[in-house]
Amino acid sequence: MIGFVLQIIGADILVKQSICFAKTIKIPKVYIAIALCGAGSGLSFFIYGIICSIPNHGQVIPDYASVIVLSSILLILGICAMTGKMKIYHGVMQQDFSFLIFVEIVLLYLSADYLFHGKHSMRILSRIDGMILTAFFVYYLYIVSKKIYHGIKKSEKVKINLSTVLICASGIALLTLGGIAMLFFENKIVVPNFIEKYVGKDFLKIFMIIIPNIFISIRSLKIGEPDLIIGNLMGNSMISLAGTVGVAAMMNPIVISTSEIYNMIMLCCGSIMVWLFAYKEHWLNRIHGCVMNTVFVVYIISCIMR
């Protein structure tokens, strides 16, 4: 419960500070949200993945990462789109979301070697694979940092007070601490037998990981800031897929199960579907949201049936 409350407070702080920065710096809100909200919502899973990889227990990390990103893109973004037309900042789909899809395809290729090299190839993420994914993550951080730096440089009389920086850091810290508390005390939660039988505790842990995304999305919707939703989901997705999985694989090679391959394929297909919806018109409407949520429900049912 403490972790839950910390995440609510941290999400509220980061949303407010993202808006304040956007008013001060000449840079789109989506990129500020990638840096602040995305970092706050993704750091807890990043730390969790590193801790699990130290004793070589990181086999579930790629599966968690793919389901987290799929849930964020289809479920959360779909629900937000169902509330009305959701505008997407020009260039996000062409550049950032396209890069995310490229990373997803690379992760699928590195994980499912047997799909391309025959049945005798192993389904494994090696340390070299981890280095490749981490390189993509570092490159994306460089791109976002460069855009923020140029925005600050172009802005006149920009003054970022130390108190503002501390408030942002406290928001990220609260979200991270809350997420870690929930993840590591998840085993203390009593789950009804029928839920554990048909769904499993993994879905409970995944739900806990995406709670910050839900809070940030709800808060952003209330104040009419869809760019913060997109930025948070983009930042969280890159940290989960490229950062967490890449660092975990660098620490210890990860064996990939067949169900994880299915999840990654579904992730690529779902992301491409959203990209097609929003690429040309730069918005998502209620029909798009209904289709995205329907696909996600069908995916969840297929997971339970498996």
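This is a short walk through the chain, from its overall make-up to two local sites.

The model is predicted. Start with the whole chain. Its secondary structure consists of 13 helices and four strands. The chain has 306 residues, and 51% of them are buried. Now take the contacts with a separation of 6 or more. Residues 24 or more positions apart make up 83% of these. The exposed area of the chain is about 14,500 Å². Carbon and sulfur atoms account for 70% of that area.

Next, go to the N-terminal helix. Helix α1 spans residues 2-24, and Ile9 sits in it. What is the relative accessible area of Ile9? The value is 41%, so Ile9 is partly exposed. The limits for that class are 20% and 50%. Ile9 also belongs to a nonpolar patch on the surface. Its partners there are Phe4, Val5 and Ile8. Together, the four residues have about 300 Å² of accessible area. Patch members need over 30% relative accessible area, and Ile9 has 41%.

Now move along to the loop between α12 (258-278) and β4 (283-284), where His282 is found. The backbone deserves a look here. His282 has a positive phi of about 65°, although this residue is not a glycine. Is His282 buried or exposed? Its relative accessibility is 17%. Buried means under 20%, so His282 counts as buried.

The two sites can be set side by side. Ile9 is partly exposed and lies in helix α1. His282 is buried and lies in a loop.

Methods:
Residues numbered from 1 in each chain as written. Predicted model: local features only at pLDDT ≥ 70, side-chain atom pairs only at ≥ 80, totals over all residues. Heavy atoms only, no water. Helix = DSSP H or I, 4+ residues; strand = E, 2+ residues; numbered from the N terminus. Buried < 20%, exposed > 50% of the residue type's maximum accessible area, 1.4 Å probe, protein only. Contact = heavy atoms within 4.5 Å. Areas by Shrake-Rupley, 256 points an atom, 1.4 Å probe, with all protein chains shown as cover. Patch = residues over 30% accessible without salt bridge, like charges linked within 9 Å, V, L, I, M, F, W, Y side chains within 5 Å. Salt bridge = Lys/Arg side-chain N within 4 Å of Asp/Glu carboxyl O.
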